Amino acid sequence: LGVVAAGKNYLDARQALDELGIDEKKAARLGLRLLKVGAVWPLEPEAMRDFARGLDTIIVVEEKRALIELQLRDILYGEKKRPAIVGKTDEKGAALFASHGVLEPNQIARAIAARLGDREISARAEGMPEAAAAANADLAQRVPYFCAGCPHNTSTALPEGARAYAGIGCHWLAQFVPDRRTEGFTHMGGEGANWVGEAPFSTRGHMFQNLGDGTYNHSGMMAIRHAVNSGVNITYKILFNDAVAMTGGQKNDGGLTVPAIAQQARAFGVERIAIVSDEEGKHGPSGFPPHTSFHHRTALDEVQREMMGVPGASVIIYDQTCAAEKRRRRRRGAFPDPARR
């Protein structure tokens, strides 16, 4: 019998052997081998073949999805005398180590004991609880959330009684935040189209639609044109976070700027445009279409309440750099450090 594991699961396997009373001498007598994997991807083929030589069964001990198990099965597939490989399922296809939850040393010990055929070891395994109580208890849950300092922490907030749609981007996570009243999303470039279809049948008179600058640059501007032409009451909250944050912090194609977005929105037929930023006086009238208003982010609630009464399509451009991107740029000396207090 062979046992293959990596990282924490290797330590769990060692603990399982200790609890079964198996030391190195006893392992040798039982024909038991243990392999600690250093690099889980890609597996080193020759080391795997050497370990597997002469074994009848290999137990792959790993939490979450099968990464080592699938590679090992692929490496040994063409061998004339290859061992049976179990991990996520046993020899009969029944569940062995689940892909969810916690993998406990007791579970590993039971799996090993069941395949050794030693009475003393089997008796020890039978006396073990199946899993620690903590693994089966209701644990505190933490939903996905925004990074510390992320603009979405503020930009996705809504006035009382308002509702918003999500789209493609980090702001999609607003659907998990209880007080954000953000329900539903659509594909990239379709932001707002779901409200165009829903509006004629809804008693709600207005909808907010979150939209990232990367999505806007990709195809979201077409969605705004569609919403303008449909005549529905909708406010696009375009977050200009100065980076395509969802895919690694690249710069937007074409040197997209806040004034450019405002000018394009006006060209699409949007009359009411407001700029909200994290710095007082960050933007001014120069370069923006006429009648554009400028606000600090502390006034976001007030601006949104006004937009709820604007007929047709309106736009709020929320300008604040992505928090993760700020940290990257500060390490490179390309972004100012904040004052320390």
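In the predicted model, strand 6 and strand 7 pair in the parallel sense over six bridges, and within this pairing F208 has T235 of strand 7 as its bridge partner. The two strands belong to an open sheet of six strands, arranged in the order 5-6-7-10-8-9 with parallel pairing. Strand 5 (164-165) and strand 9 (293-296) form the edges of the sheet, each of them pairing on one side only.

Strand 8 is joined to two partners in this sheet. With strand 10, strand 8 pairs in the parallel sense over six bridges, and V276 has Y318 of strand 10 as its bridge partner. With strand 9, which runs parallel to strand 8, the connection consists of four bridges, and here A274 is matched with S293 of strand 9. Six of the six residues of strand 8 are buried, so this strand is largely enclosed by the rest of the structure. The side chains R272, A274 and V276 point one way from the strand, whereas I273, I275 and S277 point the other way, and all are buried.

The largest nonpolar core comprises 30 residues, of which Y216, I224, Y236, I238, V270 and I317 touch the most other members. Two or more residues of this core are supplied by each of helix 9 (193-198), strand 6 (207-212), helix 10 (213-230), strand 7 (234-240), helix 11 (258-268), strand 8 (272-277) and strand 10 (313-319). Among these elements, helix 10 gives the most, with six residues. For Y216, when neighbours within four places in sequence are left aside, the residues in contact are L211, M221, I224, I238, L256, I261, Q264, A265 and F268. A second core, separate from this one, is made up of 25 residues and includes V3, Y10, A109 and M128.

On the surface, V40, W41 and L67 make a nonpolar patch of about 300 Å². Of these residues, V40 is located in the loop that runs between strand 2 (33-37) and helix 3 (45-52), and V40 is partly exposed, with a relative accessible area of 30%.

Turning to charged side chains, a search of the whole structure finds 16 salt bridges. One of them links E69 with R73, whose closest N and O atoms are 2.9 Å apart. Because E69 and R73 are four residues apart in helix 4 (residues 68-76), about one helical turn separates them. The surroundings of the two partners can be described separately, since E69 is buried at a relative accessible area of 3%, while R73 counts as partly exposed at 34% relative accessibility. A second salt bridge is formed by R305 and D301, with the closest N and O atoms 2.8 Å apart; both residues lie in helix 12 (residues 300-307), four residues apart and thus about one turn of the helix. In this pair, R305 is partly exposed at 44% relative accessibility, and D301 is likewise partly exposed, with a relative accessible area of 34%.

A further salt bridge connects D337 with R330, for which the closest N and O atoms are 3.7 Å apart. D337 is exposed, having a relative accessible area of 58%, whereas R330 counts as partly exposed at 26% relative accessibility. Elsewhere, K8, D12 and E63 are joined into one network by salt bridges that share partners.

How values were computed:
Residues are numbered from 1 along each chain as its sequence is written. This is a predicted model: local features need pLDDT of at least 70, side-chain atom pairs count only at pLDDT 80 or more; totals for chains, interfaces and linings use all residues. Side-chain values use heavy atoms; hydrogens and water are left out. A nonpolar core is a set of buried Ala, Val, Leu, Ile, Met, Phe, Trp, Tyr and Cys residues joined through side-chain atoms within 4.5 Å. Buried means under 20% relative accessible area, exposed over 50%, partly exposed in between (1.4 Å probe, protein chains only). Contact means heavy atoms within 4.5 Å. Patches are made of residues with over 30% relative accessible area and no salt bridge: like charges are joined within 9 Å, nonpolar side chains (Val, Leu, Ile, Met, Phe, Trp, Tyr) within 5 Å. Accessible areas come from the Shrake-Rupley method with a 1.4 Å probe; for residues, only the protein chains shown count as cover. A salt bridge is a side-chain nitrogen of Lys or Arg within 4 Å of a carboxyl oxygen of Asp or Glu. Two strands pair if DSSP finds at least two bridges between them.
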